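Hi,

Here is the structure I promised to pass on. Have a look at it first, and then read my notes below.

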Amino acid sequence: MNDSRAHLRIAGRVQGVFFRQSTRETARRLGLTGWVRNCRDGSVEALFEGDTAAVQQAIDWCRRGPPAARVDSLACDWQPFCGEFARFEIRD
């Protein structure tokens, strides 16, 4: 398995549209660990760890988000895999 880590910042209409919950469901379905949270500036931040292909699928999903979302931009920073998470969770 080829493990990767990606840190994302997603901007647009991404708060109040079930973005975090939908991201958690997507990540868990893909077998990824990490977290997602709302940011004070109205964006959403996420960190995915796991199989590289699954991480890429999660990033692709975040470019669209759930039906009520509108993603204007997505910044992705690929980082060294750490394996520090047991599951994918929503953070405050």
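**What I found in the sheet and around it**

A good place to start is valine 36, whose bridge partner in S3 is alanine 46. Keep in mind as you read that this is a predicted model.

That bridge belongs to the pairing of strand S2 (residues 33-38) with strand S3 (residues 44-51), which is antiparallel and has six bridges. In general, the strands of a sheet pair through backbone hydrogen bonds, in either a parallel or an antiparallel way.

Now go to S1. Strands S1 and S3 run antiparallel too, and eight bridges join them. Alanine 46 turns up again here, as the S3 bridge partner of leucine 8. S1 also pairs with S4, in the antiparallel sense and over nine bridges. If you want a spot to find on screen, try arginine 5, which stands opposite glutamine 79 in S4.

So what order do the strands of the open sheet come in? The five strands go S4-S1-S3-S2-S5, and the pairing is mixed. At the edges sit strand S4 (70-79) and strand S5 (88-90), each of which pairs on one side only. From one strand to the next, the twist averages 20°.

Two helices are worth finding next. Helix H1 (residues 19-29) packs on the sheet and touches strand S1 (3-13), as well as S2, S3, S4 and S5. The direction of H1 makes about 175° with that of S5. Helix H2 (residues 52-62) lies across S1, S3 and S4, and runs at about 155° to S3.

Last come the aromatic rings. The count is two aromatic pairs, and one of them is phenylalanine 48 with phenylalanine 88. For any such pair, the description uses the distance between the ring centres and the angle between the planes. Why is this pair called stacked? The ring centres of phenylalanine 48 and phenylalanine 88 are 5.4 Å apart with the planes at 20°, and planes under 30 degrees apart count as stacked.

This pair also links distant parts of the chain: phenylalanine 48 is in strand S3 and phenylalanine 88 is in strand S5, 40 residues apart.

Are these two rings' residues buried or exposed? Buried means under 20% relative accessible area. Phenylalanine 48 has 1% relative accessibility, so it counts as buried. Phenylalanine 88 is also at 1%, so phenylalanine 88 counts as buried as well.

Happy browsing!

Technical notes
Residues are numbered from 1 along each chain as its sequence is written. This is a predicted model: local features need pLDDT of at least 70, side-chain atom pairs count only at pLDDT 80 or more; totals for chains, interfaces and linings use all residues. Side-chain values use heavy atoms; hydrogens and water are left out. Two strands pair if DSSP finds at least two bridges between them. Helices (H or I, at least four residues) and strands (E, at least two) are DSSP runs, numbered from the N terminus. Axes are lines fitted to C-alpha atoms, for helices over the stretch in contact, and angles run from 0 to 180 degrees between N-to-C directions. Contact means heavy atoms within 4.5 Å. Rings of Phe, Tyr and Trp (its six-membered ring) pair if their centres lie within 6.5 Å; planes under 30 degrees apart count as stacked, over 60 as edge-to-face and the rest as tilted. Buried means under 20% relative accessible area, exposed over 50%, partly exposed in between (1.4 Å probe, protein chains only).
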